[in-house]
Amino acid sequence: MKPRVVSDPADYRAEVRADASRRMVDLRAAVPGLVVDLRYATANNFLRAVVYEEGRPLLRAAAAARLREVEEELKGSGLGLILYDAYRPYFVTRRMWAEQATRYAAYMSPPWLGSDHNRGVAVDVGLVDLKTGRPLPMPTDFDAFEARAGQDWPAAKLPPEAAADRARLLDAMTRHGFHPFAGEWWHFALNGAKEYSLLDLPFSAFEKAPGKE
Ligand SMILES: [Zn+2]
């Protein structure tokens, strides 16, 4: 089945009127302790270019609420979440595919399927130590397109700390309604993600949270 693409803001508003949990919310307000390092709003990503017109981390309210639960739970162990990506407009996915598919097709969502990031229900996250604010060791850097980044890369072939942190993140996310993507330790989508439409809307189409630019 062809996924539904919403490119008219009025259609997005109709979705939200019918179901308020589909509203896009700013994660800096919805998940207060979140460390935000939105890579595609900077040139620090595999494209070496700024691809988001704003650095606003957006997610559907239903997914944001679950992410807040993860954060609350991790806090008990002195840990927090660092966010590398959240909502990605569908037109950005189309552009990435046009520019990079020859090199990275295995790691990218083709436009005819779309990405759960386009649906506003997927996040790319790591763990941080709340005392230092520093990311914890993981198997690879974010967006390292290599086999070692996969959830199924054997723990025995990783430094013990990286293997333990990967497992802890997976455990916390999956117990709060997210499922992983096999190829990337950092990517998680809300269960039932495909029920959400792909949003082909710029960040400016979504209302700003009070006090957040
Ligand atoms: Zn992702």
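**Exercise 1. Find the helix that holds arginine 175, then work out how covered this residue is.**

Step 1. Arginine 175 is found in helix α5. Helices here are DSSP runs of H or I with at least four residues, strands are runs of E with at least two, and both are numbered from the N terminus.

Step 2. A quick word on what you're looking at: this is a predicted model, where local features need pLDDT of at least 70, side-chain atom pairs count only at pLDDT 80 or more, and totals for chains, interfaces and linings use all residues. Residues are numbered from 1 along each chain as its sequence is written.

Step 3. Now for the cover. A residue is buried if 20 or more other C-beta atoms lie within 10 Å of its own, exposed if 12 or fewer, and partly exposed in between, with C-beta atoms placed from the backbone. Arginine 175 has 12 C-beta neighbours inside 10 Å, so it counts as exposed.

Step 4. Look across to arginine 66 as well: its C-alpha atom is separated by 9.7 Å from that of arginine 175, though their positions lie 109 residues apart along the chain.

**Exercise 2. Lay out the sheet strand by strand.**

Step 1. Start with the order. The open sheet has 5 strands, arranged β3-β5-β6-β8-β7, and its pairing is mixed. Two strands pair if DSSP finds at least two bridges between them.

Step 2. Check the edges. β3 (35–36) and β7 (178–181) each have a single partner strand, so one side of each has no neighbour in the sheet.

Step 3. Walk in from β3. It pairs with β5 in the parallel sense over 2 bridges, and valine 36 has leucine 83 as its bridge partner in β5.

Step 4. Go on to β5 (residues 79–85) and β6 (residues 122–129), which pair in the antiparallel sense over 6 bridges. You can follow the match-up: leucine 79 is partnered by aspartate 129, leucine 81 stands opposite leucine 127, and isoleucine 82 has glycine 126.

Step 5. Next, β6 and β8 run antiparallel, joined by 3 bridges. Alanine 122 stands opposite alanine 189, while valine 123 has phenylalanine 188 as its bridge partner.

Step 6. Finish at β7, which runs antiparallel to β8 with 4 bridges joining them. These two strands form a hairpin with 2 residues between them, and histidine 179 has alanine 189 as its bridge partner in β8.

**Exercise 3. Decide how enclosed the sheet strands are, and find the helices that lie on them.**

Step 1. Count buried residues. In β6, 7 of the 8 residues are buried, so this strand is largely enclosed by the rest of the structure. β8 is mostly covered, with 6 of its 7 residues buried, and β5 is mostly covered too, with 5 of 7.

Step 2. Find the helices. Helix α3 (residues 61–75) lies across β5, β6, β7 and β8 (184–190), at about 145° to β5. Helix α5 (residues 160–175) packs on the sheet and touches β6, β7 and β8, making about 140° with the direction of β7. Contact means C-beta atoms, placed from the backbone, within 7 Å. Axes are lines fitted to C-alpha atoms, for helices over the stretch in contact, and angles run from 0 to 180 degrees between N-to-C directions.

**Exercise 4. Name the hubs of the largest nonpolar core and trace where its residues come from.**

Step 1. A nonpolar core is a set of buried Ala, Val, Leu, Ile, Met, Phe, Trp, Tyr and Cys residues joined through C-beta atoms within 7 Å. The largest has 40 residues, and Leu59, Leu83 and Val123 touch the most other members.

Step 2. Two or more residues come from each of β2 (24–26), β4 (58–60), α3, β5, β6, α5 and β8.

Step 3. Zoom in on leucine 59. Leaving out residues up to four places away in sequence, its contacts include Met24, Leu67, Tyr87 and Val123.

**Exercise 5. Say where helix α4 bends and what covers it.**

Step 1. Helix α4 (residues 90–104) bends by about 50° at alanine 98. The bend is the angle between axes fitted to the seven residues ending there and the seven starting there.

Step 2. Its buried residues are Tyr90, Val92, Thr93 and Met96. Their cover includes β1 (5–6) and β9 (198–199).

Note on methods. Two residues are in contact if their C-beta atoms, placed from the backbone, lie within 7 Å.
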